[in-house]
Amino acid sequence: MKARVLIRPRAGILEPQGQAVERALPALGFSGVRGVRVGRLIELDVDDPATLPELCRRLLSNPLIEDYEIQTEDPAS
Amino acid sequence: MGAEAPPGLAEAVELGLTEGEYALIVELLGREPVQVELACFSLLWSEHCSYKHSRALLSTLPTEGPALVMGPGENAGAVDVGDGMVVAFKVESHNHPSAVEPFQGAATGVGGILRDVFAVGARPIAILDSLRFGEPAQSERSRYLLDHAVGGIGHYGNSIGVPTVGGEVYFEAPYEQNCLINAMCLGLAPRERLIRSAAAGPDNVLILFGARTGRDGIGGASVLASAELSADDEHKRPSVQIGDPFEEKKLLECSLELLDRGLLVALQDLGAAGLTSSAAEMASKGEVGVDLHVDRVPLREPGLEPFEIMVSESQERMLCVATPDRVADVLAICAHHEVHGTPIGTVTDTGRMRIFEHGEMVGDMPVRALVDDCPRYALDPRKPEAPLYPPPARSLDRGAGAAQTLTALLASANLSSRRPLFEQYDALVQSRTVRRPEQADASVLLLSDPDGREPAPGPLGERPAIAVSIDGSGRRVAADPYTGTVAAVLECAANLACVGAEPLGLTNCLNFGNPEKPHVAWQLSESVRGLGDACRALSVPVVGGNVSLYNEGADGPIYPTPVVGMVGALPDARRAAPLAFQRRGDAIGVIAPLGASLGASELHKLRGEPLPDGLPAIDLPAAVARLTPIRDAVRAGELSSVHDIAEGGALVAIAECCLAGALGAEIELEDDDEARFGEGAVGFVLSGPEPALRALGARVIGTVGGEALRAGALSIPLAELAEAHGALAALFR
Amino acid sequence: MRFGIVRFPGSCDEVDALRAAERVGDATLLWHTERDLKGADAIIVPGGFSYGDYLRCGAIARFAPVMEAVAEHAREGGLVLGICNGFQVLCEAGLLPGALLPNTGVRFLCRQVDVQVENASTPFTWRCERRDTLSIPVKHTTGRYYAPEEVLDDLEAHRRIVLRYAPGHNPNGSSRDVAGVCSEQGNVMGLMPHPEHAVDPLTGSDDGLRLLESMASAARVVGHH
């Protein structure tokens with residue numbers, strides 16, 4: 001099954017990459033953009049989606065600083 | 001050969017070949033080329049690979065010297081630095097890919113020059129870079145290119161564990177649409193480990209190792225490297241190569257271990273024109289043929305055509321030749337380093353490059369036709385009758401006082417501190433770096449062996465080192481291609497003298513516009529003449545280099561920019577003079593530059609003055625004669641600091657010595673712009689005991705000390721100078 | 001006394017660490033696939049970009065076979081020093097508290113900085129005095145030390161913040177100027193500055209040598225193996 005894992009910096013943690021993007025936008029003529037935070041998207045093909053949370057906790061994310069969200073093609077699973 | 005119809009003349013022209021060249025290919029083959037053959041010819045007959053417009057000029061350069069170990073023609077040149085060690089080095093351009101995608105373009109530029117150096121068996125020990133962009137104050141695009149190119153260089157060098165120890169960057173409007181990204185690499189090897197790239201021995205096996213092959217940079221060598229860029233380059237983006245420093249780090253360790261174990265006959269990196277160029281050049285140098293099986297090449301994505309596999313510029317790949325009995329050992333070493341290694345062909349005695357897919361021959365070309373038979377074109381050099389470049393935009397009033405002029409110069413994009421760039425590079429890894437960027441005029445590296453072991457110090461504790469400098473002032477070359485190039489070579493030699501190093505060899509990258517235009521041909525011819533004369537005067541051989549032509553935008557050619565990298569040796573790194581003033585009370589001496597004038601100077605640029613038609617001639621023998629006494633005094637430890645007077649002139653150089661040492665100075669200097677801000681060649685600012693300065697013929701003009709730079713009526717606090725000098729930081733916020 | 005220097009694919013400073021360690025003891029490299037620590041008394045996990053650091057700095061290296069042996073060595077009280085990427089690896093492995101985040105300046109930064117010794121009674125610093133200032137370079141993109149406030153309070157209370165950046169020298173926005181922390185037992189330490197690049201005045205400073213000398217003498221006293 002194809003799945004996506006979104007990794008985000010945890011709320012409240014300073015995220016300088018997002019800030020840098022946000023600062024650059026007005027110079028390019030984009031106004032009214034706030035709250036930019038940069039994370040990672042990991043796409044994978046997995047036999048058993050039940051293993052995903054464990055996989056996320058142990059390797060794909062660092063729970064101290066990051067949250068993860070798993071998206072699978074079949075929302076029922 | 002397959003039954004497919006040859007693509008024909010129209011596609012050949014599309015790929016950058018001329019009608020005449022196509023006719024010659026048909027004649028050499030005795031038939032029309034099929035697709036894969038046409039792709040191979042179009043790449044190997046591009047300027048980038050064939051040097052068809054520049055080879056005759058380059059052959060005039062001196063290539064012999066007592067320290068020379070390996071000259072032009074190999075992946076990198078090499079000089080003997082003593083103790084059985086050689087330093088291999090080369091500078092190369094990655095201009096057009098960087099203009100399209102600056103981060104990856106610059107990163108893969110570094111990756112490519114690193115491979116050139118370890119392809120000859122040397123462990124890369126230092127990177128320097130030479131960058132040119134448009135005016136950052138006026139151009140958002142130039143700021144973007146600068147930021148991303150610096151990021152890309154750092155990304156690659158920092159990640160692979162090779163220090164970036166120096167470099168230079170200049171900003172001029174003629175680079176607005178065509179930035180320059182030149183990277184230089186130095187490597188170190190025991191002399192006996194150097195390896196050449198000539199394939200030899202029929203039945204020997206060609207092994208491709210490193211990254212898998214994808215569609216990166218297809219058409220790169222001919223489309224990207226040899227055609228002028230148009231205003232809209234978005235469509236070229238997909239073909240830019242992506243660099244992977246982690247893969248290259250594994251490739252580097254794997255290559256050096258293969259050589260340490262003596263398993264290889266020949267080694268070559270895959271750069272521009274990919275497998276086509278590497279295989280053809282190995283075969284050409286060894287005067288042999290090669291059979292290549294493209295279906296054995298590991299692919300990153302399925303469905304690549306044979307021609308795509310042959311021309312792909314996927315990064316981080318090497319090609320080696322091994323005798324059949326060693327193939328298993330080679331593959332085992334590859335596996336240990338987690339590098340893919342795959343036999344893809346054999347050396348033959350046919351003198352032909354034959355390409356097979358699933359056993360069927362899909363291409364068959366004489367190696368000589370590919371590599372040697374490309375037509376050479378005579379240049380038609382003509383000095384332009386009208387100025388080629390508009391005057392720079394004025395940013396400083398002619399009536400500005402000395403203090404305002406000095407701070408404006410220190411704050412200008414070309415003269416302000418490069419610290420915001422250098423801090424983005426790891427200058428320390430490998431533990432050789434004695435003089436970091438902006439600590440001395442040349443970078444100084446301890447001569448410990450490739451495994452980081454330093455030889456025992458000399459009887460007086462001497463610690464041998466090498467020094468390296470890179471330089472090239474496009475504006476001065478634009479004003480006078482001959483004298484400007486002579487000055488660039490002399491500046492490198494002066495930089496080396498400042499740290500007590502004697503030059504051993506030189507590499508160059510000639511960045512010019514379209515050589516088919518007579519005025520560019522004139523710039524190129526005059527510049528190469530200056531390069532050759534300066535090298536002969538210094539007795540320094542050219543060990544290799546690179547040519548990047550067709551650097552033009554809609555507004556015309558770039559400033560002609562020969563970038564020169566020079567490597568030298570010094571007996572004791574402890575004596576390498578810093579540029580910073582060291583001690584209160586030291587005398588300050590000046591040796592005024594030869595041929596100093598304000599023409600094409602930084603001051604004239606700020607004032608919006610047009611480029612002059614010619615610079616004052618430099619007396620080459622006199623310039624060379626100045627270097628030895630400086631070098632000897634540094635080696636003897638007689639001086640506290642030495643700094644060459646370059647862009648901005650004497651007063652700017654003195655201010656730089658103050659800022660680097662956080663010490664003021666009290667001096668007397670003639671009250672005229674030419675003495676303060678005039679630029680020439682081999683001038684120096686020295687500090688130390690007065691008798692030592694006088695012995696060198698320096699004019700003693702004052703004393704180190706205080707919290708300000710004072711010169712007659714002029715007095716500027718150090719803090720004010722430092723603020724001006726820090727102007728570049730604003731570009732990286 | 002022998003140092004073992006871990007080498008991952010993508011390590012960059014392992015040879016520097018090896019030569020630096022050789023100044024104060026015996027030293028050998030440990031390949032990432034091996035579980036044998038070759039009799040090393042003290043382990044250094046060096047800087048670089050282990051496995052390319054593509055997922056998250058140190059995230060993959062912590063699972064290397066050699067790291068199982070290093071964790072075992074640490075559990076038995078053996079000395080382990082993580083430098084830069086090695087610090088990231090030890091945090092990922094749970095051998096040290098906290099995590100390293102991207103510098104507030106976002107970019108890679110190579111700079112000589114001053115760090116102050118906060119705790120001079122660890123095996124890594126006992127050749128220093130409290131409040132000593134050491135000049136040691138940093139060079140990283142991901143060096144901003146982060147831990148929740150209560151963890152930082154606890155680290156301070158138990159003097160586990162071993163090194164802090166001197167005032168005005170914090171290069172990356174680290175919480176409370178933390179440059180180096182140690183484990184609860186004090187035998188595992190991680191720091192972002194590179195002591196192996198501060199072992200020779202000619203190349204900038206030899207202040208880092210004092211950390212390595214501390215380790216060497218501590219390992220001799222503890223006599224781990």
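User: In this predicted model, which strands does helix α18 of chain B lie across, and what makes its direction comparable with that of β21(B)?

Analyst: Helix α18(B) lies across β16, β17 (502-511) and β21 (561-570) of chain B. Its angle to β21(B) is about 25°. Angles run from 0 to 180 degrees between N-to-C directions, so a value of about 25° belongs to the 0 end of that scale.

User: What angle does helix α19 of chain B make with β17(B), and how is that value to be read?

Analyst: Helix α19 (residues 518-538) of chain B lies across β17, β18 and β21 of chain B and runs at about 175° to β17(B). The scale ends at 180 degrees between N-to-C directions, so about 175° means that α19(B) and β17(B) run in nearly opposite directions.

User: Why are β14 and β18 of chain B said to stand at the edges of their sheet?

Analyst: The sheet is open, has six strands and follows the order β14-β15-β16-β21-β17-β18 in chain B, with mixed pairing. Both β14(B) and β18(B) (542-548) have a single partner strand, so one side of each is left without a neighbour in the sheet. From one strand to the next, the twist averages 20°.

User: What makes β15(B) and β16(B) a pair?

Analyst: Four bridges join strand β15 (residues 443-446) to strand β16 (residues 465-471) in chain B, and the two run antiparallel. Pairing requires at least two bridges, so four bridges satisfy the criterion. Within this pair, S443(B) stands opposite V468(B) of β16(B).

User: How do you know that β25(B) and β28(B) are paired, and what is the bridge partner of E666(B)?

Analyst: Strand β25 (residues 665-667) and strand β28 (residues 699-704) of chain B are antiparallel and joined by three bridges. At least two are needed, so these strands count as a pair. The partner of E666(B) is T703(B). Both strands belong to an open sheet of seven strands, in the order β24-β27-β22-β28-β25-β29-β30 of chain B. Its edge strands are β24 (641-645) and β30 (714-717) of chain B, each pairing on one side only.

User: Why is helix α7 of chain B called mostly covered?

Analyst: Of the 18 residues in α7(B), 18 are buried. A residue is buried if 20 or more other C-beta atoms lie within 10 Å of its own, so each residue of α7(B) meets that cut-off. Helix α7 (residues 102-119) of chain B also reaches 25 Å from its first C-alpha to its last, close to the 26 Å expected. The helix is followed by G121(B), which has a positive phi near 100°.

User: Which residues of the largest nonpolar core touch the most other members?

Analyst: Among its 332 residues, these are V79(B), V87(B), A465(B), V499(B), I654(B) and C658(B). Helix α18 (residues 481-498) of chain B gives the largest share of this core, 12 residues. Beyond its neighbours within four places in sequence, I654(B) is in contact with A665(B), I667(B), V685(B) and L709(B).

User: How do you know whether chains A and B are joined or separate?

Analyst: Their closest C-alpha atoms lie 9 Å apart, and no contact joins chain A and chain B. Two pairs of chains touch, and the most contacts are between chains B and C.

User: What makes up the side of chain B that touches chain C?

Analyst: In chain B, 24 residues are in contact with 20 residues of chain C. Elements giving two or more residues to this side are α8 (140-160), α10 (245-260) and β14 (433-435) of chain B. By class, this side of chain B has seven nonpolar, nine polar and eight charged residues.

Notes: Residues numbered from 1 in each chain as written. Chains lettered and ligands numbered in written order. Predicted model: local features only at pLDDT ≥ 70, side-chain atom pairs only at ≥ 80, totals over all residues. Contact = placed C-beta atoms within 7 Å. Nonpolar A, V, L, I, M, F, W, Y, C, P; charged D, E, K, R; others polar. Expected span 1.5 Å × (residues − 1). Buried ≥ 20, exposed ≤ 12 C-beta atoms within 10 Å, placed from the backbone. Core = buried A, V, L, I, M, F, W, Y, C linked by C-beta atoms within 7 Å.
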